[in-house]
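This report describes selected features of one structure, from its ligand site to its side-chain pairs. The sequence and coordinates are displayed first, and the discussion follows.

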Amino acid sequence: MATEDRFRSLDGEELYRRLAMGDSLVLVDVRTATEFEDGHIPGSLLIPLQELEQRVREVPNSGMPIAVICEHGLRSASACRLLAEHGYGPLFNLRGGLENWPGPIKNGPGQNGHHELGIAPSSFLVESFDLLPKGLALDLAMGEGRNAIYLATRGFDVDGVDVDPTAVAHARASARKLGAPIRAILGNVEDGTYIIPIETYSVILVFHFLHRPVFQDIKDGVGPGGVVVYQTYTLEQQRFGRPSNPDHLLRPGELKQVFGDWEILRYREVIGPARRDRRPRAIAGIVARKPA
Ligand SMILES: C[S@@+](CC[C@H](N)C(=O)[O-])C[C@H]1O[C@@H](n2cnc3c(N)ncnc32)[C@H](O)[C@@H]1O
């Protein structure tokens, strides 16, 4: 098979939608470091085209689809050919390059594929989707809204709150672009300028945020039979890097204690590699249902 036949083009809209809907794709950016710092798709791995042959082993070869990105879609086509020759696939070339990308862009060196919260929803949320009762959902400390948007594209009405105005603006704009609007709320859950309304939500999500005084408000915020999905770092994370402040890290078994009077539908406490990432991270996650 000609290497050209071993990759196909994908336009920016389609790539953005696939990521937001939870498809797992490795994003490889083959531009220069300077271009990458000027703006890149969150969560992408930088390997400039001229280094790709030497560094090809850095590209995960797990069978997960790989989308290759450059400025206009030409260097990425060459990179796709090279990756195909090395046995990688399935491969997608971002047609028209970043110019044709409708989603969020990050500036700076980024994390180069490591520990950067991308566009894709949390895999813990995607795996737990069937446990969630349909209705109104809240994503607390939603950041740029990857999880809020995932639920909104799948039939939920979604409120998302965050203290960072830029993140709130990005979340709102991204949700609109995907035709899945969310109510994006600017608010601070620590100083009381945002208070979770009581028994309002069928689902509350909290990912990568911990402020212990709001545990009870989170529990009160879901109605009977409602579900909380909570996942964040544990104290073990201090061995691997940030976050390292114990106020922001869960103690062993803490989520199970907090939701001890609820039905626990899923629980995990793991040290494992993050997706597309070789550094370990220590996390605990729970899906708990309030008694009806
Ligand atoms: C690590 S990010 C996680 C974002 C999102 N949950 C995700 O997993 O993609 C933590 C978020 O918490 C937000 N945050 C921090 N303190 C907050 C507060 N007091 N009230 C609301 N949001 C807060 C930050 O602005 C940031 O967007």
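## A buried asparagine and its contacts

Two residues are taken to be in contact when heavy atoms of each lie within 4.5 Å. The model discussed here is a predicted one. By this criterion, Asn93 touches Phe7, Arg8, Ser9, Leu10, Val68, Gly73, Ser76, Ala77 and Cys80, leaving aside residues up to four places away in sequence.

Asn93 itself belongs to strand β5, which spans residues 91-94. Its relative accessible area is 5%; because the limit for a buried residue is under 20%, Asn93 counts as buried.

## Helix α4 and its packing

Helix α4 covers residues 75-85, and its buried residues are Ser76, Ala77, Ala79, Cys80, Leu82, Leu83 and Ala84. Against which elements do the buried residues of α4 pack? They pack against strand β1 (7-10), helix α3 (49-55), strand β4 (66-69) and strand β5.

The contacts of Asn93 fit into this picture, since Ser76, Ala77 and Cys80 are among the residues that Asn93 touches. After α4 comes Gly87, whose phi is positive, near 85 degrees.

## The ligand site

The ligand is surrounded by 16 residues, of which Ala141, Arg146, Asp162, Asn188 and Phe207 are the closest. Sorted by class, this shell consists of seven nonpolar, five polar and four charged residues.

Both backbone and side-chain atoms approach the ligand. A backbone N or O atom of Ala141 is 2.7 Å from a ligand nitrogen atom, and a backbone N or O atom of Val163 is 3.2 Å from a nitrogen atom of the ligand. From Arg146, a polar side-chain atom lies 2.6 Å from an oxygen atom of the ligand. On its own the ligand has 600 Å² of accessible area, and the protein covers 79% of that area.

## Salt bridges

How many salt bridges does a search of the whole structure find? The search finds 16. One of the pairs joins Asp159 and Arg183, with the closest N and O atoms 2.6 Å apart. Asp159 lies in strand β7 (residues 157-162) and Arg183 in strand β8 (residues 183-186), so this pair ties together parts that are 24 residues apart in sequence. The two partners are set in unlike surroundings: Asp159 is buried, at 8% relative accessibility, whereas Arg183 is partly exposed, at 46%.

A further pair is formed by the side chains of Arg55 and Glu58, at an N to O distance of 2.9 Å. Arg55 is partly exposed, with a relative accessibility of 21%, and Glu58 is likewise partly exposed, with a value of 27%. In the salt bridge between Glu236 and Arg239, the N to O distance is 2.3 Å. Here Glu236 is partly exposed, at 36%, while Arg239 is exposed, at 59%. In addition to these pairs, Asp29, Arg31 and Glu71 are linked in a network of salt bridges.

## Summary of the main points

In this predicted model, Asn93 of strand β5 is buried, and the buried residues of helix α4 pack against β5 as well as against β1, α3 and β4. The ligand has 79% of its accessible area covered by the protein. Among the salt bridges, the pair of Asp159 and Arg183 connects strands β7 and β8.

Notes. Residues are numbered from 1 along each chain as its sequence is written. This is a predicted model: local features need pLDDT of at least 70, side-chain atom pairs count only at pLDDT 80 or more; totals for chains, interfaces and linings use all residues. Side-chain values use heavy atoms; hydrogens and water are left out. A salt bridge is a side-chain nitrogen of Lys or Arg within 4 Å of a carboxyl oxygen of Asp or Glu. Buried means under 20% relative accessible area, exposed over 50%, partly exposed in between (1.4 Å probe, protein chains only). Helices (H or I, at least four residues) and strands (E, at least two) are DSSP runs, numbered from the N terminus. A residue is near a molecule or strand if one of its heavy atoms lies within 4 Å of it. A polar contact is a pair of N or O atoms within 3.5 Å; within protein, one must be able to donate a hydrogen and the other to accept it, and residues adjacent in sequence count only if both atoms are side-chain atoms. Accessible areas come from the Shrake-Rupley method with a 1.4 Å probe; for residues, only the protein chains shown count as cover. Ala, Val, Leu, Ile, Met, Phe, Trp, Tyr, Cys and Pro count as nonpolar, Asp, Glu, Lys and Arg as charged, and the others, Gly among them, as polar.
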